[in-house]
Amino acid sequence: MSSVRSTCPYCGVGCGVLLTPKGAGGLDVKGDPDHPANRGRLCSKGSALGETVGLAGRLLAPRVDGQDTDWNSALDHVADRFSRTIAEHGPDSVAFYASGQMLTEDYYVANKFMKGFVGTANIDTNSRLCMASTVAGHKRSFGTDTVPGTYEDLDEADLVVLVGSNLAWCHPILHQRVLAAKEKRGTKLIVVDPRRTASCDAADLHLPLKLGSDVALFNRLLTAIAEAGALDRTYLSHVNGFDAALETARADSIEPTGLSSDLVDEFCRMWIGTKRVVTIFSQGVNQSSAGTDKVNSIVNCHLATGRIGTPGCGPFSVTGQPNAMGGREVGGLANTLACHLDIENAAHRTAVKDFWDAPRIPEGPGLKAVDLFRAVAKGQVKALWIMHTNPAVTLPEADAVQAAIKGCDFTVVSEIAATTDTSVLADVLLPASAWAEKDGTVTNTDRTISRQRSVLPAPGAAKPDWWHIAEVAKRMGFGSAFDFANSAEIFREHAALSGIAGGFGRDFDISGLAEITDSEFDALAPARWPVAGRRGGRFFADGQSFHSDKRMRMVPVAWRAPDARRAPRFPFRLNTGRVRDHWHTMTRTSLSPRLSAHLAEPFVEIHPVDAVNLGIEPDTLVEVTSPTGRAVLRATISDATRQGELFAPIHWTGQTAPTGRIDALVAGATDPFSGQPESKAAVCAAKAFNA
Ligand code: SF4
C-alpha cells in the first residue's frame with residue numbers, strides 16, 4: 001500500500017507524517033517532506049508513533065457499570081440519563097469536558113450539542129490548562145483570538161526570544177527551525193525561563209528569572225523601548241492605551257525578577273537593537289494566575305515598536321496540543337461561541353442559533369475547567385461527559401477532582417484506553433477510534449489546517465468521537481441537526497458557519513471551503529487560514545485589529561506575585577512541565593520502549609544548596625507535600641533549577657507511579673481573566689522520604 005498523508009497527534013507544531021500500514025496492525029511512520037510545518041523532519045515522539053499503535057490497553061466495547069454491552073444499550077442509557085437530568089435540574093446541571101486531542105469535527109459537534117441543543121455553555125476543555133491566557137490576552141489586544149505569527153517568521157527573524165518555553169523538548173521541530181536560522185543568518189536566541197533547560201544549550205543569553213515575574217521583565221523592556229526612542233510612532237497611531245501602559249510599566253521595577261540589572265539591560269539592548277524579533281511564549285506564560293497580563297506585557301512591546309504583522313516579527317504563542325487551535329476555532333471553551341464569535345454578544349448568539357436552527361443558546365459563559373469540577377464536587381453538575389482527557393491526573397487539586405468525578409451522579413468517558421485514572425471512575429465508557437483510525441482535521445500553532453487520515457481499522461466496537469455525540473444527540477430528540485454521514489460533512493458545516501463570523505468582521509473565515517466535496521476533503525492539502533478570508537494575507541500589517549473601532553490595544557499591566565504565598569511550612573515553589581519523550585499522561589508514549597527509556601520514572605529537580613540543607617542525596621526518594629497533596633519522587637540534584645524552586649514532570653499517573661501525580665500538589669488558583677490555573681508556582685515542602 002502506498003503511504004497516506006496525515007498529521008502527528010502530539011504537540012501543536014502539527015508535523016506532517018506519511019503512514020504506511022505494515023499488516024497485522026503495524027504502521028510505518030515517516031516525516032512528510034511536503035508538509036510546511038516540518039518538511040520531512042520528526043522529533044523523537046513523532047518518529048516513534050509506529051510503536052504506539054496496536055491493541056495494548058485499548059477499550060474495545062461500550063461498558064455500562066463495568067459490564068461490556070452493545071452500542072444501542074450504551075447510547076440509549078447515556079441519552080436517557082442526560083435527558084432526565086436536564087428535565088429535572090435544568091441544562092446547567094450537565095457538563096462536557098473536552099480535549100485538545102479531539103479533531104476539529106469532534107469538537108464542532110460537541111460544541112453544537114452543548115451550546116445549541118442542551119442549551120448550556122458548560123463545555124470546557126483541557127485546553128483551558130494550555131492556552132486560555134493567550135486567548136484572553138489576544139482578545140484584549142486584538143479583539144479576537146488571532147495568532148499573528150507564522151512559522152516562516154522563525155526563518156526570517158534576527159532574534160528569537162523564548163519565554164516560558166522549553167522549545168527544544170516541547171516543540172522540537174520548531175526549535176530545529178530556530179537553530180537552522182541561527183546557522184543560516186546568525187539569528188540570536190534568548191531564553192527567559194527560571195530553569196536552565198535544553199533550549200538554553202544554543203542560547204546567546206539566558207535570563208533565569210524568578211517564577212511568575214515575566215510582567216516585571218517586559219514592563220522594564222517597554223520602559224527601555226521608550227527611553228531609547230525606539231517607539232514606532234506610525235504604528236502607534238493605530239493603537240489605544242499606549243500612555244497608560246507605559247505609565248504602569250514605569251511604576252514596576254525588576255526586583256521581582258531576581259535578575260541583575262546588567263542582565264536585564266543586555267536583554268533590552270538586544271531586543272531593542274534588533275528589528276526582526278519573534279517572542280515565542282508557552283506554558284510558563286500561560287499557566288499563571290497572571291497569565292493574561294503576561295501575554296499582554298509581551299504584546300505591548302511588539303505593538304509599541306510595530307514589530308507585528310511584518311516578516312520575522314511578532315508575539316507568537318505556541319500551543320501544547322495538536323488541536324488546541326481547532327478547539328478555539330469551533331468555540332470549544334466555556335467562554336467562547338463558535339468561529340471566534342463572542343458568547344456575550346447577542347447578535348453573534350442569534351446568528352449562530354439561527355444557523356444551527358437550534359432551540360436555545362446560553363446567554364453567557366459557562367463554567368471554566370477548575371470551576372466546572374468544583375461544581376461537580378458540590379453536586380451542581382450531575383451528569384458529566386469527559387472526552388479524551390484524564391482530569392483525575394491533570395487538573396490542579398487532582399485528588400479533589402478524582403473524588404468529585406467519583407461522587408458525580410452520572411459520568412460518561414469516551415476513551416481509547418480501557419483503564420485510566422479517570423475512566424475507572426465512569427458509569428459509562430464509550431470506545432473511541434484512535435489516531436491513524438480516525439479522520440478529520442486539526443489546526444496547528446500557525447493556523448495551518450491539516451488532515452488526520454484513517455489508515456488502520458478501528459478495533460472492536462471503537463467509533464469516532466463525533467459519532468458518539470451525534471448518536472446521543474439524536475436519541476435526545478435533536479434529530480436532523482446531528483445527522484452527519486462523515487467528517488467531511490461536519491467540516492463543510494463548520495466552514496459555512498465561519499462565513500457568518502467573517503460577516504461580523506471576525507478573523508476566522510474558511511467559508512471558501514464550505515462547498516468542497518468528500519473527495520476534495522479527502523485530498524485537502526495543508527492550508528493556513530485565512531483561507532478565502534475577507535482580509536487575506538498577513539494579520540495586522542495594516543495596524544487594524546478586530547475591535548469594533550479597528551484599533552489595537554495596549555493593556556496596562558502591573559506585576560503581581562503568584563497567587564499562593566510561601567509560608568514556613570511550604571517554603572518552596574513547584575514548577576511543573578513536560579519531559580522530552582512523553583506526552584500528557586503517557587497513554588500512547590508509554591507503549592514505546594525507547595521513549596520510556598529517556599526518563600523512566602517521576603523525579604523532582606532540586607538545587608544543590610537546597611538538597612544539602614534538606615539532607616537529600618542524589619537519586620534518593622523525596623517526599624514533596626503541598627496544602628493539597630503529596631508525591632514521592634526521585635531526586636535529581638541540579639543547579640539548572642533556582643534555589644528555593646523545584647521542578648517536577650506532569651506525566652505520571654496513579655497507575656504508572658501511584659505517588660507521582662504532580663497535579664495533586666498544585667492548588668486551583670486561576671487567572672482572573674482566563675480561568676487558567678497556576679500550574680508553575682505551587683507552594684510546597686520537600687524532605688527525604690523515609691518509607
Ligand atoms: Fe509531533 Fe510535535 Fe514532534 Fe512534530 S514536533 S513530530 S508535531 S511531537
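# Briefing on a predicted model: burial, cores and strand pairing

N575 counts as buried, because its relative accessibility of 6% falls under the 20% limit. The model is a predicted one, and N575 is placed in strand 21, which covers residues 572-577. Strand 21 is in turn one member of a closed barrel of six strands, ordered 21-25-22-24-23-26, in which the pairing is mixed. From one strand of this barrel to the next, the twist averages 45°.

**The barrel and its surroundings**

- Once neighbours within four places in sequence are left aside, the contacts of N575 are R195, L211, L646, F647, A648 and K680.
- Within the barrel order, strand 24 stands beside strand 23, and these two, residues 629-637 and residues 621-626, pair in the antiparallel sense over six bridges.
- For T625, the bridge partner in strand 24 is R630.

**Nonpolar cores**

- The largest nonpolar core comprises 112 residues, and the ones with the most contacts inside it are F113, F267, W385 and F482.
- Helix 3 (residues 104-118) gives the most to this core, contributing eight residues, while at least three residues come from each of domain 2 (63-130 + 323-528) and domain 3 (132-318).
- Not counting residues up to four places away in sequence, F267 touches V161, I190, V192, L205, L207, L217, F218 and L221.
- Another core, of 37 residues, lies apart from the one that holds F267, and among its members are V147, Y151, C200 and V278.

**Two helices, each followed by a glycine with positive phi**

- Helix 7 (residues 172-185) has 14 residues that should span 20 Å at 1.5 Å a residue, and its end C-alpha atoms are 20 Å apart, so the span agrees with the expectation.
- The buried residues of helix 7 are P172, I173, L174, H175, R177, V178 and A181, and they pack against helix 5 (151-156), strand 8 (159-163), helix 6 (167-170) and strand 9 (188-192).
- After helix 7 comes G186, with a positive phi near 75°.
- Helix 13 (residues 291-305), with 15 residues, reaches 22 Å from its first C-alpha to its last, which is close to the 21 Å expected at 1.5 Å a residue.
- Helix 13 is mostly covered, in that 15 of its 15 residues are buried, and the residue that follows this helix, G306, has a positive phi near 65°.

**A hairpin with a covered strand**

- In a regular strand the side chains alternate between the two faces of the sheet.
- In strand 17 (residues 440-443) both faces are covered, since G440 and V442 on one side and T441 and T443 on the other are all buried, each having under 20% relative accessible area.
- Strand 17 pairs with strand 18 (residues 448-452) in the antiparallel sense over four bridges, and within this pairing V442 stands opposite S450.
- Four residues lie between the strands of this hairpin, and R447 takes a positive phi near 75°.

**An exposed helix residue**

- A251, which has its place in helix 10 (residues 242-251), is exposed because its relative accessible area of 67% is over the 50% limit.
- The C-alpha atoms of A251 and W559 are separated by 9.7 Å, although the two residues are 308 residues apart along the chain.

Technical notes:
Residues numbered from 1 in each chain as written. Predicted model: local features only at pLDDT ≥ 70, side-chain atom pairs only at ≥ 80, totals over all residues. Heavy atoms only, no water. Pairing = 2+ DSSP bridges. Axes fitted to C-alpha atoms, helices over the stretch in contact; angles between N-to-C directions. Core = buried A, V, L, I, M, F, W, Y, C linked by side-chain atoms within 4.5 Å. Buried < 20%, exposed > 50% of the residue type's maximum accessible area, 1.4 Å probe, protein only. Domains from an automatic or database assignment. Contact = heavy atoms within 4.5 Å. Expected span 1.5 Å × (residues − 1).
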